[in-house]
Amino acid sequence: MSNIEWTELDDRAVDTARILAADAVQRTGNGHPGTAMSLAPAAYLLFQKFLRHDPSDPNWLGRDRFVLSNGHSSLTLYTELFFSGYGLELSDLENFRKAGSLTPGHPEFGHTKGVETTTGPLGQGLSTAVGMAYAQRYERGLFDPDAAPGESPFDHHVYVFCGDGDLEEGITSEASSLAGVQELGNMTVIWDDNHISIEDDTAIAFNENVVERYKAYGWHTQKVDMNRDGSVNVQALADALEEARNVHDKPSFIQLRTIIGWPAPDLQNTGKAHGAALGADEVAKVKEVLGFDPDVDFPVTQEVLTHARRVRDRGIALHEQWNVTFAAWREANPDKAALLDRIQSGVLPEIDLPEFEVGASIATRKASHAAIQAIAAAVPEFLGGSADLAGSNLTTIEGAPSFLPSNIKVKSDSPFAGPHSPHGRVLHFGIREHAMGAIVNGLSLDGLLKPFGGTFFVFSDYMRGAVRLSALMEARVIFVWTHDSLGVGEDGPTHQPIAQLWAFRAMPQFNMARPADATETAAVWKIALERGTPTGLALSRQGTPVIDREKFASADEAARGAYILSEAAGGQPDVLLLATGTEVGLAMTAQEQLAGDGINARVVSMPCLEWFEEQEQAYKDEVLPPSVKARVSVEAGATVGWWKYIGDAGVPIGIDHFGESADGSYLMKKYGFTAEHVTAAAMESIENAKG
């Protein structure tokens with residue numbers, strides 16, 4: 001049994017938290033009060049008695065992580081951050097969901113201290129937390145692999161609150177399955193089982209035995225029921241949390257049966273309590289039930305606040321104990337301590353990028369594989385893998401063990417997962433693209449690692465929700481998306497990405513890079529790592545000639561997003577040829593053909609339009625002179641966004657319909673991706689410009 005101290009002041013703090021949830025939503029006129037009311041005791045118990053955290057240092061390396069996956073119940077988290085002293089004040093709760101407040105509708109990473117990840121899109125939080133648990137285990141192996149369990153300064157736990165909606169989302173099934181395979185004993189999920197969603201009773205769409213499902217995934221499972229009056233049996237939940245913390249070979253799942261909106265007399269256990277203000281009369285009744293003055297809003301007494309903020313003293317004491325362990329580790333491991341210092345500084349070591357034979361036809365996915373090896377050799381915090389496509393994405397870090405528990409049995413001759421270790425750096429996500437995206441986010445958010453994940457570019461659609469959160473949080477992740485065009489060939493239109501490039505270019509704070517050749521691919525990898533912002537790499541299956549960088553511009557210029565790769569004769573272009581990826585080679589051949597006709601063409605490689613848009617206008621005008629109206633864009637994808645760069649006189653070469661199943665080189669020719677077509681388009685654009 002867990003030995004927790006629980007007093008009447010703790011009960012009063014919990015009841016205060018329930019009323020703060022009801023008042024905050026009532027004040028702003030919208031939000032989700034019900035879950036925050038019913039989860040108040042569980043959240044208070046966790047923050048006060050179990051979570052290892054120091055509100056005076058929200059970024060403490062040794063802290064436990066808490067993820068509110070059911071992010072619509074943001075007041076569950078905000079109230080505990082207020083109680084704990086993370087910097088939120090009562091006025092922040094009073095301004096819930098208001099412009100400029102620290103308490104937005106859903107928790108936002110980087111906006112409010114104590115928020116570990118952005119949540120709200122259901123399922124993302126739990127799945128991201130799996131990535132955080134991955135990160136803790138990898139970091140433990142990187143810095144302190146031989147310490148006994150619980151004795152390392154790199155030991156911490158990941159706690160998650162989730163709701164019915166989280167568990168209905170497919171991404172949590174993907175991620176939870178992986179967590180079971182990985183035996184993540186550093187993770188505990190508490191499921192708020194309240195049977196209510198926006199459409200009221202979840203029985204209309206959700207009646208499976210969730211606990212048995214998680215048991216089948218390989219999780220340690222427990223059940224905690226509410227008391228008859230609807231409040232949470234604190235001691236029972238504390239016992240369950242203690243038991244979960246002592247299970248080291250499985251992730252833990254606790255079913256917590258609650259009544260949403262308790263103790264609202266008329267609206268508890270209804271869909272109306274889920275996502276709308278309770279109404280002034282019902283809020284007043286809640287206050288009367290709990291023994292508060294119905295005419296007083298946001299009733300926080302100094303006695304309750306002082307009592308709750310004792311958790312700061314607890315956190316500081318835990319931090320000081322950790323400091324002793326950490327100092328001893330530093331003294332015993334000077335080399336690893338230096339590595340940690342370098343990683344925390346954000347400085348990358350020197351990376352000896354691969355070189356490629358000029359003129360050789362090399363697929364950019366293959367060049368990416370070479371770049372991955374070079375980066376891995378220099379950057380120990382770099383790790384990643386694919387969603388069951390390592391042999392096609394070419395994402396495997398050669399010679400490195402797979403990230404798997406030691407007792408997992410793998411075929412001895414397996415080419416991708418033979419040697420393995422709990423601390424390996426080759427990740428295997430299985431055919432779970434969406435979970436992969438969220439797990440990679442979690443690996444990044446833990447703070448020390450530089451992760452990547454790979455799949456076919458067309459399947460980026462399956463992971464878009466996670467990628468969107470990468471962008472929103474500006475997570476340090478790289479997505480390796482290969483088979484980037486019609487060049488996929490015989491696999492047909494189901495596997496040929498058409499609209500994906502512009503779909504991701506439309507996403508704010510996300511970088512979409514499509515390098516021209518092997519050398520530019522390696523350069524883009526390094527640039528993406530240095531920038532530390534979420535980046536997708538669109539890489540080819542088919543080969544493309546390696547450009548002579550002695551004769552043409554350096555691939556380092558890719559850092560500017562677009563650059564003059566091959567200047568027109570005399571530096572005065574008649575037409576601009578703008579291209580990305582494998583089509584850059586076509587543009588260069590077309591440049592030669594045009595020169596034979598006395599037409600001076602400039603070839604501009606545009607690997608990343610987002611990086612280009614960051615440049616000064618003078619540089620943009622230098623690369624794309626406003627006076628040169630004749631322009632052609634060449635890219636084996638949709639043309640929808642190219643008009644911004646080619647203007648009214650420009651001619652886009654692309655594909656705005658689905659492809660077909662045939663040899664890739666045949667399809668590229670059939671749909672106009674030839675030097676001859678580029679040449680003809682250039683002549684057409686020149687005529688347009690004259691008009």
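This section describes a parallel sheet, the helices packed on it, and the nonpolar cores of a predicted model.

The sheet is open and has five strands. Their order is 1-2-3-7-6, and the pairing is parallel. Strand 1 (65-68) and strand 6 (220-224) stand at the edges. Each has a single partner strand, so one side of each lacks a neighbour in the sheet. From one strand to the next, the twist averages 15°. Strands of a sheet pair through backbone hydrogen bonds, either parallel or antiparallel.

Strand 2 (residues 158-163) is joined to strand 1 by four bridges, and the two run parallel. Here Val67 has Val160 as its bridge partner in strand 2. Strand 2 is also joined to strand 3 (residues 187-193), again in parallel, by six bridges. Along this pairing, Val158 stands opposite Met187, and Tyr159 stands opposite Thr188.

Six of the six residues of strand 2 are buried, so the strand is largely enclosed by the rest of the structure. In a regular strand the side chains alternate between the two faces of the sheet. In strand 2, Val158, Val160 and Cys162 point one way. Tyr159, Phe161 and Gly163 point the other way. Both sets are buried.

Two helices that lie against the sheet are considered next. Helix 2 (residues 33-50) lies across strand 1, strand 2, strand 3 and strand 7 (252-257). Its direction is at about 170° to strand 2. Helix 9 (residues 234-245) packs on the sheet and touches strand 2, strand 3, strand 6 and strand 7. The direction of helix 9 makes about 175° with that of strand 6.

The length of helix 9 agrees with expectation. At 1.5 Å a residue, its twelve residues should span 16 Å, and its end C-alpha atoms are 16 Å apart. Val234, Leu237, Ala238, Ala240, Leu241 and Ala244 are buried in helix 9. Seen down the helix axis, the buried residues fall within an arc of 160°, so they line one face of helix 9. An α-helix has 3.6 residues a turn, so residues three or four places apart point the same way. The cover over the buried residues of helix 9 includes helix 2, strand 2, strand 3, strand 6 and strand 7.

The largest nonpolar core holds 82 residues. Within this core, Phe382, Trp525, Leu577 and Met606 touch the most other members. Helix 20 (residues 518-531) gives the largest share of the core, seven residues. Beyond its neighbours within four places in sequence, Met606 is in contact with Gly561, Ala562, Leu578, Ala579, Thr580, Phe612, Leu624, Trp642 and Tyr645. Another core, of 71 residues, lies apart from the largest one. Its members include Val160, Ala179, Ala475 and Phe504. Val160 of strand 2, the bridge partner of Val67, thus belongs to this second core.

Pro121 lies in the loop between helix 4 (90-94) and helix 5 (124-143). Its relative accessibility is 38%, so Pro121 counts as partly exposed. Pro121 and Asp166 are 45 residues apart in sequence. In space, C-alpha to C-alpha, Pro121 and Asp166 are 8.6 Å apart.

Notes. Residues are numbered from 1 along each chain as its sequence is written. This is a predicted model: local features need pLDDT of at least 70, side-chain atom pairs count only at pLDDT 80 or more; totals for chains, interfaces and linings use all residues. Side-chain values use heavy atoms; hydrogens and water are left out. Two strands pair if DSSP finds at least two bridges between them. Axes are lines fitted to C-alpha atoms, for helices over the stretch in contact, and angles run from 0 to 180 degrees between N-to-C directions. Contact means heavy atoms within 4.5 Å. The expected span of a helix is 1.5 Å times one less than its number of residues. Buried means under 20% relative accessible area, exposed over 50%, partly exposed in between (1.4 Å probe, protein chains only). The arc is that of the directions from the helix axis to the C-beta atoms. A nonpolar core is a set of buried Ala, Val, Leu, Ile, Met, Phe, Trp, Tyr and Cys residues joined through side-chain atoms within 4.5 Å.
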